[in-house]
Amino acid sequence: MSPLPPFSALLLGLASLLPTTLASPFDKADALAECLSKSGVPTDAFNSSDWNADVSPFNLRLAFTPVSIVVPENVQHIQDAVACAAKLGIKANAKCGGHSYGSFGLGGEDGHLTIEMDRMNKITLDNTTGIARVEGGARLGHVASQLYSQGKRAFSHGTCPGVGVGGHALHGGYGMSSHTKGLALDWIVGATVVLANSTVVNCSKTENPDIFWAIRGAGGSIGIVTEFRFATFEVPEVVTYFVAPVRWTTEASATIGFKAVQDFALNEMPAELNMRLFIAKSFTNLEGLYYGNKTSLQAALAPLLKKTNATLALAQQGGWLDQVKHFGNGVNVDQTHPYNYHETFYSSSLYTNELNETQMAAFVGYWFKHAKSNKRDWYVQIDLHGGKTSAVTKPDPAETAYAHRDYLFMYLFYDRVDKGVYPAEGFQTVGNFVSNVTSTLGDSTWGQYINYPDSRMDQETAQASYWGEHLPRLQAIKKQVDPDNLFHFPQGVLPA
């Protein structure tokens, strides 16, 4: 962390990267620097090692330059940074883990104030109440490690250790425990939030309930969460993670197999089982986590393995942290600051219910006729999100701003290059995969997930896709708490 650089050096550095216009937020850089300095808000010196680490996006395809990066150490720093941004009319965004596929923590465009939260990562578990206080910049691997070490407890969340709890939990938080234990946002019982007027509020079901409702699904548009209060559960003594390759060599066999997975998710899948269908260019797997031992997993999967021609190649019984490490894909679990992991890719997402024959044929047909010829490193991940026994579907859909509880499948479409610039044809490849399915669906029968954003969507389309029927209420709350859209990003909620 360094003192603020002289304005002339900052502006010259930014000018070398970007074209400037009379309306550019960079014209206000010296005024912002002065405001932050007077308030004692720590910042990254431009082009310092901290700046370069904090400005580097997870998705290298979407690199943006902020006017300034502040690195708060306490709530007052965040309040003062927000006040400075509001005073000068500069948009501001919290960057929690920096793992946003759309680089929304950097604003999703040039010229924002980035509030880098990852130095605020303290976690405290009350073993009497089971409530965990988690600062807004903690990463998921750090959360999992600390909750286990402090009391062998957890809450349901995603698998990538470097993802920030803020962006993840505030917009859903699906992971390898969600079928059994629900979404990360379902475990939030309270939060402390800095609003656009720089005030601090606490929210829960009984305190500021509208804000509490809105942050659980659209939090990045509402305010900056400085601390979460999560309920937790006692981790099971034994879990079993597994991989079962399927050998679908033709469209016909893939259609039969996918239909069997669908029927299983709808009617037979036990609550203890969490599973996804992972489709890549050279293989297809059933993958997941079972709350129980290997013998019980084998019994639960046996009917599906037979119908899908799958083989249980890996079934590893172990403790809670064993599965955290497994799904972390070899990355050190206890991630804090600094974090240095990057890819170059384009993504999109989809939620659907049960696919009929035509819809199934549209998906499988594109997969075999077009996607298989894509030589890049692509995959489609289909999480078994809903179904009769899914914990995701148990709460009333109106209970939170997460709009897509009732869908059976959650799809992530992901296409990346290992080096160089992402090719223009990749956008069409992914877009056509999605549209080949949505063209067979009614307008109100599918949705998309903001944590798997399609960065090429315009804001109006994105709002409707991410928040569906909850959008009018969200826009009304946004008007109340952020009427000038200080916490703007290109796919966020706009005020009514």
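Here are a few worked exercises on the structure above.

The model is predicted, so local features need pLDDT of at least 70 and side-chain atom pairs count only at pLDDT 80 or more, while totals for chains, interfaces and linings use all residues. Residues are numbered from 1 along each chain as its sequence is written, and side-chain values use heavy atoms, leaving out hydrogens and water.

**Exercise 1.** Work out which residues of helix H2 are buried, and how they sit around the axis.

*Solution.* Start with the range: H2 spans residues 29-39 (helices are DSSP runs of H or I with at least four residues, strands are E runs of at least two, both numbered from the N terminus). Next, pick out the buried ones (under 20% relative accessible area; exposed is over 50%, partly exposed in between, with a 1.4 Å probe and protein chains only). These are Ala29, Leu32, Ala33, Cys35 and Leu36. They cover an arc of only 165 degrees, which puts them on the same side of H2 (the arc is that of the directions from the helix axis to the C-beta atoms). The background: an α-helix has 3.6 residues a turn, so residues three or four places apart point the same way. Finally, look just past the helix: glycine 40 follows H2 and has a positive phi, near 75 degrees.

**Exercise 2.** Find where glutamine 79 lies and what it touches.

*Solution.* Glutamine 79 belongs to helix H4, residues 75-88. Its relative accessibility is 17%, so glutamine 79 counts as buried. Now skip neighbours within four places in sequence: glutamine 79 is then in contact (heavy atoms within 4.5 Å) with Val194, Ser198, Thr199 and Val200.

**Exercise 3.** Locate two asparagines with positive phi and decide how exposed each one is.

*Solution.* Take asparagine 208, with phi about 50 degrees. It is in the loop between strand E8 (200-203) and helix H8 (209-218), and at 33% relative accessibility asparagine 208 counts as partly exposed. Then asparagine 329: its phi is near 55 degrees, and its place is the loop between H11 and E15. With a relative accessible area of 68%, asparagine 329 is exposed. For context, most residues other than glycine have a negative phi, and most peptide bonds are trans.

**Exercise 4.** Spot the cis peptide bond that involves proline 338, and place that proline.

*Solution.* Check omega: at about 0 degrees, the bond joining histidine 337 and proline 338 is cis. Then place proline 338, which lies in the loop between helix H11 (320-327) and strand E15 (344-352).
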